[in-house]
Amino acid sequence: MRFKISSGKLVEGLRSAVEVATKNVNTEFESSFHITLDIRKSEIIALAHGGTACISSAISGDNIDSLNYSCEEEGEVTINASDFFASLSSFPPSQKVSIVKNNGEIVISSENEKDIFQTLPVLKNRVNVSSLPTSFEKEMKINREVFIEGLDKVHFAIGFAETTPYYLCIYFETSKDKARFAAGTGARFAISDTEGKNIIQTSKKQSVLFPKNNISTIINVLKVDSSTDISIKEAKQTKNSPEQIVIESEEITLVLLGIDSSLKYSDVSKILKHSYSYKIVSNISDWKYSMQGISATYNDEMKSGKMIPITNVSIDSKKKKLIMETKGQMKAKRQVSVDDISKNGDEDIPSFKCNSLYLKEVADKGEKSEKVVLEFDTDQTPVTARFADRVNDSKNTVDKFSIFFVKNK
């Protein structure tokens, strides 16, 4: 096995396989931390399997410019992913290198100066990726950038309790001209909707649950992909293949394993469609210093004691103020100016109590939005924060983002 290539471009092409081989892996799995390179005349196929996901990634001049690839002898080699990546990265990105398998090791040498080289040992066992099913129960196509952005927006809200596995995931739903991403803990949820023509191809309304363990891997792999669209497929277990989610592009086939398609997700639409008694419109920029004041009362002592910070929120319709107040050992009372109040209830100064951290998330996640609409009732219905719609002219899409959370009694 012998080939020549631009070192920086090979580093670029290997990022997806190295991500799968080294991040969020099952450390007991035989192929974790390893990659296999299948060296062919026209391309390199990188294979990785970390136990929770596997990938087949093509590296060629078709998807990487200025690769400067030439194969002198086809072959296959398995090496430690991190060691190979680090060795390659030690050469200047513009440097063309020669890579040879010889006497149980890989030799990476400078094409210009043969006495400059790196070596690493060859591993015995080939990395094998899972066999793909012959048929799938769910299939859909979506714009790659829309998919990444949707996962990214709600990633922060994923649940953490092992006792609620149905929240250790991101809920993804597609229907005609619409994609929905949702994540939550059961007490607080974040929902991102993108609507637009030609961003979704689906035959019907479908949904997929992406496991928490795989989310960062999916995002990082797809960020370095150059494909316009990706396909997403889900299949149940068969005699020849495990239950799996397959994400495919022109460049990669990423397979997510260890999934449980029997898990059911909460119907977040019920809350989003609810008609509230009180709606308050304010500028999200006005929340910044008020929330810094509220957050200052949640000190290290409270955190170490695992105490829940509570804020009382009330609306003074006469003064057109949103009033936030804490009454713990450290107290704060802050105000936010209100642009508009829509009221169907009877209370002059309606109020609710909630976890202060949820309000901080509203301020932080709405930072790029101009307006936020806070909606609530005086009963125990969750509070919903809706942010201003964002229009993406380049994709001809409209993005909607919401957070809703439970109250404290």
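## The second largest pocket

Nineteen residues line the second largest pocket, and those nearest its centre are E149, K153, K365, K368 and R390. As for where the lining comes from, α3 (144–154), α8 (356–365), β27 (390–392) and β28 (397–405) each give two or more residues. The largest share belongs to α3, with four residues. Sorted by class, this lining has 10 charged residues, six nonpolar and three polar. The space inside comes to about 560 Å³. Keep in mind that this is a predicted model.

## The largest pocket

Now for the largest pocket, which has a volume of about 660 Å³. Of its 34 lining residues, V208, L209, D260, S261 and L263 are the closest to the centre. Two or more residues apiece come from β11 (169–175), β15 (206–211), α4 (212–223) and β16 (229–235).

Which element gives the most to this lining? That would be β15, with five residues. The class split here is 14 nonpolar, 11 charged and nine polar residues.

## Two cavities

How many cavities of 30 Å³ or more are there? The count is two. The largest has a volume of about 50 Å³, and its lining is made up of V146, E149, G150, K153, T194, N392, K395, T397 and D399. Both α3 and β28 supply at least two residues of that lining, with the largest share, four residues, coming from α3. By class, the lining of the largest cavity divides into four charged, four polar and one nonpolar. Two names come back here: E149 and K153 line this cavity, and they are also among the residues nearest the centre of the second largest pocket.

The second largest cavity holds about 40 Å³ of space. Its walls are I294, S295, T297, Y298, P309, S356, L357 and K360. At least two lining residues each come from α6 (288–296) and α8, and α8 provides the largest share, three residues. This lining has four nonpolar, three polar and one charged residues.

## Nonpolar cores

Nonpolar side chains tend to be buried together in soluble globular proteins. In this model the largest nonpolar core has 95 residues, and the members that touch the most others are L14, F84, I99, F147, F210 and W287. Helix α1 contributes the largest share of this core, seven residues. Apart from it lies another core, of 13 residues, including Y167, L272, Y276 and F404.

What does F84 touch, once residues up to four places away in sequence are set aside? The list runs L10, L14, I35, L37, I79, I99, I106, I108 and L120. Two of those partners, L14 and I99, are also on the list of core members that touch the most others.

## E173, a charged residue on β11

E173 sits in strand β11, one of the elements that give two or more residues to the lining of the largest pocket. Is E173 buried or exposed? Its relative accessible area is 13%, so E173 counts as buried. The E173 side chain makes a polar contact with the side chain of Y171, at 2.5 Å. Leaving out residues up to four places away in sequence, E173 touches K178, A179, R180, K205, Q206 and S207.

## T27, out on a loop

T27 is found in the loop between α1 (7–22) and β2 (34–39). Because its relative accessibility is 55%, T27 counts as exposed. The C-alpha atoms of T27 and G51 are separated by 8.1 Å, with the two residues 24 apart along the chain.

Methods: Residues numbered from 1 in each chain as written. Predicted model: local features only at pLDDT ≥ 70, side-chain atom pairs only at ≥ 80, totals over all residues. Heavy atoms only, no water. Buried < 20%, exposed > 50% of the residue type's maximum accessible area, 1.4 Å probe, protein only. Core = buried A, V, L, I, M, F, W, Y, C linked by side-chain atoms within 4.5 Å. Contact = heavy atoms within 4.5 Å. 1 Å grid on protein atoms, 1.4 Å probe; cavity = no way out; pocket = protein on both sides within 12 Å on 5 of 7 lines; lining within 4 Å. Points joined across faces, edges and corners; volume = space filled by probe spheres on them. Nonpolar A, V, L, I, M, F, W, Y, C, P; charged D, E, K, R; others polar. Polar contact = N/O pair within 3.5 Å; in protein donor to acceptor, adjacent residues only side chain to side chain.
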